[in-house]
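Thanks, everyone. I'll take a few minutes on one fold. Please look at the screen.

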Amino acid sequence: MTVDRGSTRAYLVGSGIANLASAVVLVRDGGVPGHNIHILEEKPLPGGSLDAAGSPAEGYSMRGGRMFEEHFVCTYDLLDSIPSLDDPTRSARQDIFDFFAGCNWNAKARLIEQGAVVDSSSMGLSTHDQLALAKLAGQSEGELGARRIDEVFLPGFFTTNFWFMWCTVFAFEPWHSAVEMRRYLLRFMHLMPTMSNMSGIYHTRYNQYDSIVRPVMTWLTERGVQFHGGTRVTDLDFAPVGAAVGGGYRVRRIHLLRDGTPSEITVDEQDVVIVTNGSMTSNSSLGSMHTPAVLDRGQPEGSWALWRTLAEGRPLFGNPAAFASDIDHTKWLSFTVTTTSPLFRTLMEEYTHNELGAGGLMTFKDSAWLMTINLYHNPEFPGQPEDLSLWWGYGLNPDREGDFVKK
């Protein structure tokens, strides 16, 4: 039976990549007219955590980046429909593949210890470690339950090259969920042979805001999709669906604040509501060369506040506290450095034997912060001057005293 979606309206709460992708699929595959799709975003700009901004004069900044690999099938299906930023005759997917072909990573200094490059071709795993990894991959999530990673491996595992490369690619800590590590093991096991040189990792031509978010937003805007900035969704009213156990809910009303003014949207049965619950960059703060970023210990707001409201009294909606109630075990710090001096670039190219942008991640094993840096190719931003270099880094343990600056 053919369903006429001409009268369907869609309300997407949040403008991160999940809802941008949802909007593309609703238009491209679902037959929903673009002007019937409303993306409700609290922040002034769309993009969620895939943000990046700046200028040569003021410097550039981005909170983080995501790495791709060959088998990101859904991502590439999405981007195959989207023209690239620079060339409308080429898709954003093709732009990633073309860029990878000419600028793939081949890290020659993936790990550093005591100032020397480590031979990371050896994972450093003992027989016991290898058996523990195999056992983890083979166990069910029910068997693992709420166990932590450090509850399924011996202490020596966390000193291996494997762990240092693994945890700094995927931002894992020893106290994180063993279930989550198992999921990543099964999903990315095929990358094991290239972990030491990162040659299996794909990356975008520019930062991901310019390579993904901007092209997707352009495509959606051209089709009439409506972006509503300054719009915070505070609650949803539901009608039950199905009387039996396992029945769900249908959204019938959206409560929101438009620039601080309360408003409501009535949702009909044929309409679609998609909510992004939680954000990995919520409550983040921005520092500078002169002012440190301040750790926000308040309750996570925005999408987290909405999730807490929706989950109250409704177990079906999960437990947001499991992800956002322990700030000290979920925080991290990243930094973006913009420099016009060629000295750092020259020294790093000599030290790593990698040209700028070809080395991927470099992790300092004995850093108190467990610091990792990534020297970007030029340009990382459209219009970035050739003599300006950009590099990014992060620390998984930023609450520890620094090795050189004792803070």
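Let's start with helix α9 and its cover. Packed over the buried residues of α9 are, among others, β1 (10-13), β10 (231-241), β13 and α10 (321-324). Keep in mind that this is a predicted model.

Which residues of α9 are buried? The helix covers residues 303-311, and its buried residues are W304, A305, L306, W307, L310 and A311. After α9 comes G313. Its phi is positive, near 80 degrees.

Two of the elements over α9, β1 and β13, bring us to the sheet. It is open, with four strands in the order β9-β2-β1-β13. The pairing is parallel. The edges are β9 (226-228) and β13 (272-275). Each has a single partner strand, so one side of each is left without a neighbour in the sheet. From one strand to the next, the twist averages 15 degrees.

Now one pairing up close. β2, residues 37-40, runs parallel to β9, and three bridges join them. Take L40: its bridge partner in β9 is H228.

On to the cores. The largest nonpolar core has 72 residues. Which of them touch the most other members? F153 and M181 do. What does F153 contact, if we leave aside its neighbours within four places in sequence? The list is D129, A132, L133, L136, F158 and M181. So much for the largest core. There is also a second, separate core, with 13 residues. V13, V251, I254 and I265 are among them.

That's my tour. Over to you.

Terms used:
Residues are numbered from 1 along each chain as its sequence is written. This is a predicted model: local features need pLDDT of at least 70, side-chain atom pairs count only at pLDDT 80 or more; totals for chains, interfaces and linings use all residues. Side-chain values use heavy atoms; hydrogens and water are left out. Two strands pair if DSSP finds at least two bridges between them. Axes are lines fitted to C-alpha atoms, for helices over the stretch in contact, and angles run from 0 to 180 degrees between N-to-C directions. Buried means under 20% relative accessible area, exposed over 50%, partly exposed in between (1.4 Å probe, protein chains only). Contact means heavy atoms within 4.5 Å. A nonpolar core is a set of buried Ala, Val, Leu, Ile, Met, Phe, Trp, Tyr and Cys residues joined through side-chain atoms within 4.5 Å.
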